[in-house]
Amino acid sequence: VYPPAAGLRGSAPTMRQRVDLHMALVTYASGNVTKAREQLASVDLGPDPMGKGLYQFWDARAAIAAIAYDDGDVTTAERTWASLCEATPSNPPSVPQNIVRARVNRTAQLMLDAEAMMTDKNCEDLNTGTYLPCDDAGIPGLAGSASPCVLYDSGEVTRRLWPAVAATAIDNVRNR
């Protein structure tokens with residue numbers, strides 16, 4: 001079972017993606033860093049709907065950064081971590097090719113637009129009480145941040161069933 005934050009903003013990673021990631025993490029935990037990095041290189045990082053390298057399988061991107069850093073490849077680690085720390089935009093709306101689905105989609109969007117005009121946009125962070133505009137509240141649970149890297153620390157990756165050595169590696173790349 002994966003935590004509710006897995007797969008936010010887009011389709012959740014598939015079971016195949018998760019199995020591939022965890023196989024690489026097990027390989028890493030066994031001490032074979034080179035093989036783990038090879039396995040991570042073949043993990044499907046998911047869609048990149050905006051075409052900016054912001055692939056949606058955040059766990060894999062975090063693992064790539066952590067293990068690269070632990071392996072001494074600071075350039076790859078910092079580049080991967082920096083891209084994970086970029087604000088993740090919402091996915092663009094889908095535009096169905098089927099005319100019936102396109103009309104349903106357009107009607108649903110009109111209904112959402114009408115609802116938005118009648119909805120109170122005053123929100124606050126539940127932990128701090130800090131005001132946040134509801135349409136710009138970022139990733140749920142991150143106090144308004146839209147940067148996925150904020151999710152990743154040793155406690156979170158342990159809850160995501162990463163081995164202890166990988167949890168240490170994620171803290172190392174965070175605190176570099």
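The following questions and answers concern a predicted model of a protein chain.

User: Which element of the protein chain has the highest mean pLDDT?

Analyst: The chain as a whole averages a pLDDT of 82, and 76% of its residues score at least 70. Among its elements, strand S2 (residues 131-133) has the lowest mean, 63. The highest mean, 97, belongs to helix H2 (residues 33-41).

User: Over which residues is the pLDDT below 50?

Analyst: Where pLDDT is low, the predicted coordinates should not be read in detail. The stretch in question has 26 contacts in the model beyond near neighbours in sequence. The pLDDT is below 50 over residues 1-11.

User: How many residues apart in sequence are the parts that the disulfide of Cys 85 and Cys 149 ties together?

Analyst: A search of the whole structure finds 1 disulfide, and Cys 85 is joined to Cys 149 with an S to S distance of 2.1 Å. Cys 85 lies in the loop between helix H4 (74-84) and helix H5 (99-118), whereas Cys 149 lies in the loop between S2 and helix H6 (154-159). The pair therefore ties together parts whose separation in sequence is 64 residues.

User: Is Cys 149 buried or exposed?

Analyst: Its partner Cys 85, at 25% relative accessibility, counts as partly exposed. The cut-off for buried is under 20% relative accessible area. Cys 149 has 8%, so Cys 149 is buried.

User: Which residue has its backbone oxygen 2.9 Å from a polar atom of the side chain of Ser 83?

Analyst: Ser 83 belongs to helix H4 and is buried, at 17% relative accessible area. Not counting residues up to four places away in sequence, Ser 83 touches Leu 54 and Arg 61. The backbone oxygen at 2.9 Å from its side chain's polar atom is that of Thr 80.

Terms used
Residues are numbered from 1 along each chain as its sequence is written. This is a predicted model: local features need pLDDT of at least 70, side-chain atom pairs count only at pLDDT 80 or more; totals for chains, interfaces and linings use all residues. Side-chain values use heavy atoms; hydrogens and water are left out. pLDDT is the predictor's confidence in each residue, from 0 to 100. Helices (H or I, at least four residues) and strands (E, at least two) are DSSP runs, numbered from the N terminus. Contact means heavy atoms within 4.5 Å. A disulfide is a pair of cysteine sulfur atoms within 2.5 Å. Buried means under 20% relative accessible area, exposed over 50%, partly exposed in between (1.4 Å probe, protein chains only). A polar contact is a pair of N or O atoms within 3.5 Å; within protein, one must be able to donate a hydrogen and the other to accept it, and residues adjacent in sequence count only if both atoms are side-chain atoms.
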